[in-house]
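Reader: I'm new to looking at protein models. Could you walk me through this one?

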Amino acid sequence: MSEHEYTPKSKAGKWFNDRLPLLTLGAHLTDYPTPKNLNYWWTFGGILTFCLITQIVTGIVLAMHYVAHADLAFASVEHIMRDVNYGWLIRYIHSNGASMFFLAVYIHIFRSLFYGSYKSPREVIWIIGLLIYLLMMAAAFMGYVLPWGQMSFWGATVITNLFSAIPLVGDSITTWLWGAYSVDNPTLNRFFSLHYLIPFLILGLVVLHIWALHVPGNNNPVGIDIKKPSKDTVPFHPYITIKDAFALLVFMIIFAGFVFFTPNVLGHSDNYIPANPLVTPAHIVPEWYLLPFYAILRSVPDKLGGVILMFSAIFILFVLPWLDTSKVRSAVFRPIYRQFFWILVIDVLMLGYVGAMPAEGIYLVLARVGTIYYFLHFIVVMPVVGYLEKTDPIPMSISEPVLTGGAEPSVARKVNDKI
Amino acid sequence: MSKEEKKVNRRDFLFTASYTVGAVGIGAVIWPMIDQMNPDKAQQALATTEVDISSVEPGKSITVLWRGKPVFLKRRTPEEIAEARAVNLDDLPDPQKDEERVKEGKDEWLVMLGVCTHLGCVPLKDKGDYNGWFCPCHGSHYDVSGRIRKGPAPTNMEIPKFEFVDNNTIKIG
């Protein structure tokens, strides 16, 4: 793991480290050579770690006051909001925290797509990241069910019914998931259990994600392999920690803005109506971070087809490292792919928008066009562009464009020498 | 060395036998863990509901809860029955005669699960393009017999097991 042998200074430290090399691990994390050109898009790893810890801490606290029973859940959430000391704050941090978590993870994923961070030798990091993303969606969905409002109940009904599309065994699987003949108390109970479990599974995968990252080291904006350590790298601490800390502060300001000024803007007012199995709300919409997939589901006029396409939209990302045929990682040097990247960004945003609209008229047409492009991008554009594209020349090292291409080489050299 | 080979074979047998016994044991432990998630005795005990239908006027319907799901009980007018039976079966995505969806001699009573066969929402009555039900979630239209006509739902709304206890009472389940 570490390129150098670390010896603790104190006798006690050495005694302990010989028995459990935690201090060696700490030294590795501190000295870890990081590309010196990492921009702010690289700060979202740290931000996501913060989000996970926030959700776990607030979640554990909420579980001290919440009751996972169909007759009591809604009232217990209101009890948290009105009676529990700072309960409103903790709940709003937790519910908005889920949205902030997804905001950060989407930026993190698109960063990876732009700079080719999923490509060799980082495929395993990418796949572990996708597993984390899948678990995040499961945790967010189950968490949304817990307040047992109308959106909770009907969201749970619609999502669990997706499994009834499976031929032959679909209905048995759905009943098994429910533990009843509809979404009911047993469903709520098990969702609470799993909602509590999943964040810790995510935590375990995050450790693997970082471990896998520390084998090849970080990708960087120019996407080239670099020597480590060299003049192209800086130690993780203090250079990256301070940059991450600054980005985290900005992120926390936005987070706090939601929590204190518009805590319900990302939610749905129907969820403040207690669950009623006899009445479906007129417009069922999932939380914003699932809308693009919801739009794909609704764009297909066939139940099984829609479900298959929706799951494919996520699972296609797992084979992305092998669909991308380009030898160049960073889109900075890929003039054609770069344009398609932005088309994909717009496409996903558009799918998210139409996912929130009723599935009719122009919205249905847009959803279908968006769905077709989404799949074309990965199945056709990525392999073909990778072959045909004439990429721009890539630099020999991170320092090179600064030293030879900069307007004021002397200044650049000075900065470089300091490092 | 033949003696050693023989030893290895015996060991192979022991390995295979151990793995097999282990797999059976793990399977025997996993199954209760999986099956505990299926509906329990208390859920199964709610399997029947009796409904008093004496107060339902022709053309009106009531909704009752059975096993956590809404059941529509609609007393149809002769015109509605005639409309349901005039439909050409070739026009139906899930062809089924109206006669097969009601009890003979009690043709006015349509008893069905008020659950959209797409993703489980409750359709709204007297809505949609076919004078029947309309599901607000993803836009499935059902006719006056509860058959799917348009939209993503794959099948007609389900008819549960039910019987007439007497002229004024229906037992569902």
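Author: Happy to! This is a predicted model, and a good place to begin is one side chain: that of B:His141 reaches the backbone nitrogen of B:Asp129, at 3.0 Å.

Reader: Is B:His141 buried or exposed?

Author: Let's use the cut-off: a residue counts as buried when its relative accessible area is under 20%. B:His141 has a value of 9%. Because 9% falls under that cut-off, B:His141 is buried.

Reader: Which strand is B:His141 found in, and which residues is it in contact with, leaving aside neighbours within four places in sequence?

Author: B:His141 belongs to chain B, where its strand covers residues 140–143. That strand is E7. Its contacts beyond four places in sequence include B:Gly128, B:Tyr130 and B:Trp133 on one side of the numbering, and B:Arg147, B:Ile148, B:Arg149 and B:Lys150 on the other.

Reader: What separates the C-alpha atoms of B:His141 and B:Lys127?

Author: Along the chain, these two residues are 14 residues apart. In space, their C-alpha atoms are separated by 8.2 Å.

Reader: Now the largest nonpolar core: which helix gives the most to it?

Author: This core has 117 residues, and A:Phe102 is one of those with the most contacts inside it. The core draws at least three residues from each of domain 1 and domain 2 of chain A. With 14 residues, the top contributor is chain A's helix H5.

Reader: Which residues does A:Phe102 touch, not counting those up to four places away in sequence?

Author: Two of its partners are A:Trp288 and A:Tyr289. The others are A:Tyr133, A:Met136, A:Met137 and A:Ala140.

How values were computed. Residues numbered from 1 in each chain as written. Chains lettered and ligands numbered in written order. Predicted model: local features only at pLDDT ≥ 70, side-chain atom pairs only at ≥ 80, totals over all residues. Heavy atoms only, no water. Core = buried A, V, L, I, M, F, W, Y, C linked by side-chain atoms within 4.5 Å. Buried < 20%, exposed > 50% of the residue type's maximum accessible area, 1.4 Å probe, protein only. Helix = DSSP H or I, 4+ residues; strand = E, 2+ residues; numbered from the N terminus. Domains from an automatic or database assignment. Contact = heavy atoms within 4.5 Å. Polar contact = N/O pair within 3.5 Å; in protein donor to acceptor, adjacent residues only side chain to side chain.
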